[in-house]
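Here is a friendly tour of some pockets and helix packings, written for someone who likes to look at the atoms. Please keep the viewer open as you read.

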Amino acid sequence: MQNKTSKNLDFSGHNVYVGLDVHGASWSVNILIDEIEHRKFTQPPDPIVLHNYLVRNFPGATYYSAYECGFCGYHHHRRLLELGINNIVINPADLPVTDKEKINKKDPVDSRRISRALQNKQLKGIHIFNPEHEQFRSLNRMRCKAAKEHRRVKNRIRSFLYYYGITPPPELNPEYWTIAFVNWLKQLKLPDQAGTLSLEYILDSYQDTKDLLLKVSRHLRQQVKLHYPDIYKRLKTIPGIGPINAMCLIAEIGDMSRFKSCKHLASFVGLVPRSHQSGPKDPNCSLTYRSNKYLRTALVESAWMALRFDPALLQYYKERIVKHKSQIVITKIAHKLLNRIRYVWLNKNTYQTGLG
């Protein structure tokens, strides 16, 4: 009977707003139409199920939906768009929330908040990369994770040596992990066999993480030379930007034209200070919590390297280090470096000394 009745319905000119709280096993759905909450329910995690429900109950309407970015990625977003639902993926931090909703956090409450904010036009979708670039970004992040795990293993080895009071020979510098230093570690024997086996297991982890890092880095370099050769070469002409950070910039930014200004780009990277003004009080705060951690780390590293190759930046650093902490000054240099990156990227020119 419901299907027969729905054939006579016509919601042309009406907007239907759908808030989705997405999980792996199910979706919590809240539907609003004409400022009236139609229904909230739980459904299987399948865009087709939602589409069939909307078409059956609101034929002819314009459908809008939103969900928070997270573990599920963007394949649901692309499928919803294919089905004719105007979906956006939002940053969870951009969703308006009351203190009561923070205390009573439940999936139906979250989906209701999303649908309400969507109806009130309070939400703005994040940038969605095309599938090819999204997968390239995943490869770059895999390299970052492999490098992080490799550093952890090296720190475990240092802690192991320090714990047992073992000091490397003076001619071997453990900071650089030369072949000679690694060979010395492999030949190291502790008084008891259990201690020697413990060291051998850590060294096996060191070799495994090193091999993985080299393998991922090699494949990442092949991909960037195949798909982004021009911008890759231009970015490497900027002082402080090496091959690894150039690949990171390409992977995380993708399309530089989506940023209207360098201020917008700096906000995305996270090179802007937090603000906590109250009346006449306006304390100097640290950097914002909202950032792209991969880009911010890469730019700070590049800023330190740029001091070695760019006399102008070195002079800038020396003039300001007298009054400010090094972290503050290097952040300013990273911001200047970001200006150069944006200029080179948009103008499709190699870097010329003297650019601001």
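## H8 against H10

Let us begin with a pair of helices: H8 passes H10 in a left-handed crossing. On the H8 side, the contact is made by Leu 220, Arg 221 and Val 224, while H10 brings Pro 243, Ile 244, Met 247 and Ile 250. Sorted by class, the residues of this contact of H8 with H10 come out as six nonpolar, no polar and one charged. Please bear in mind that this is a predicted model.

How do the two axes lie? Those of H8 and H10 come within 11 Å and cross at roughly 60 degrees. That angle makes H8 oblique to H10, because the roughly perpendicular class covers 65 to 115 degrees and the roughly parallel class needs an angle under 35 degrees.

## H6 against H10

H10 also packs with H6, at an angle of about 140 degrees and with the axes 9 Å apart. Here too the term is oblique for H6 relative to H10, and the crossing of H6 and H10 is left-handed.

If you would like to select the contact, take His 133, Phe 136, Arg 137, Asn 140, Arg 141 and Arg 143 in H6, which meet Ile 244, Met 247, Cys 248, Ile 250, Ala 251 and Glu 252 in H10. By class, this contact of H6 with H10 holds six nonpolar, two polar and four charged residues. Ile 244, Met 247 and Ile 250 of H10 may look familiar, as they also take part in the contact with H8.

## H12 against H14

At what angle do the axes of H12 and H14 cross? The crossing is at roughly 95 degrees, and the axes of H12 and H14 (residues 326–347) come within 8 Å. H12 and H14 are therefore roughly perpendicular to each other.

In H12, the residues in contact are Leu 299, Val 300, Ser 302, Ala 303, Trp 304, Ala 306 and Leu 307. They meet Ser 326, Ile 330, Ile 333, Ala 334, Leu 337, Leu 338 and Ile 341 in H14. The contact of H12 with H14 has 12 nonpolar, two polar and no charged residues.

## The largest pocket

Now for the open space. The largest pocket holds about 1,100 Å³. Its lining counts 30 residues, and Asn 91, Ile 126, His 127, Arg 258 and Phe 268 lie nearest the centre. Two or more lining residues come from each of H6 (131–163), H11 (262–269) and H12 (293–309).

Which element gives the most to this lining? That is H6, with four residues. In terms of chemistry, the lining of the largest pocket divides into nine nonpolar, 11 polar and 10 charged residues.

## The second largest pocket

The second largest pocket has a volume of about 720 Å³. Among the 25 residues that line this pocket, Arg 143, Cys 144, Ala 147, Lys 148 and Arg 151 are the closest to its centre. The elements giving two or more residues are H6, H8 (193–227), H10 (243–253) and H12.

H6 supplies the largest share of this lining, nine residues. The lining of the second largest pocket divides into 11 nonpolar, six polar and eight charged residues. Arg 143 deserves a second look in your viewer: this residue is listed in the contact of H6 with H10 and is also among those closest to the centre of the second largest pocket.

How values were computed:
Residues numbered from 1 in each chain as written. Predicted model: local features only at pLDDT ≥ 70, side-chain atom pairs only at ≥ 80, totals over all residues. Heavy atoms only, no water. 1 Å grid on protein atoms, 1.4 Å probe; cavity = no way out; pocket = protein on both sides within 12 Å on 5 of 7 lines; lining within 4 Å. Points joined across faces, edges and corners; volume = space filled by probe spheres on them. Nonpolar A, V, L, I, M, F, W, Y, C, P; charged D, E, K, R; others polar. Axes fitted to C-alpha atoms, helices over the stretch in contact; angles between N-to-C directions. Parallel < 35°, antiparallel > 145°, perpendicular 65-115°, else oblique. Left-handed = near helix turned anticlockwise from the far one by under 90°. Contact = heavy atoms within 4.5 Å.
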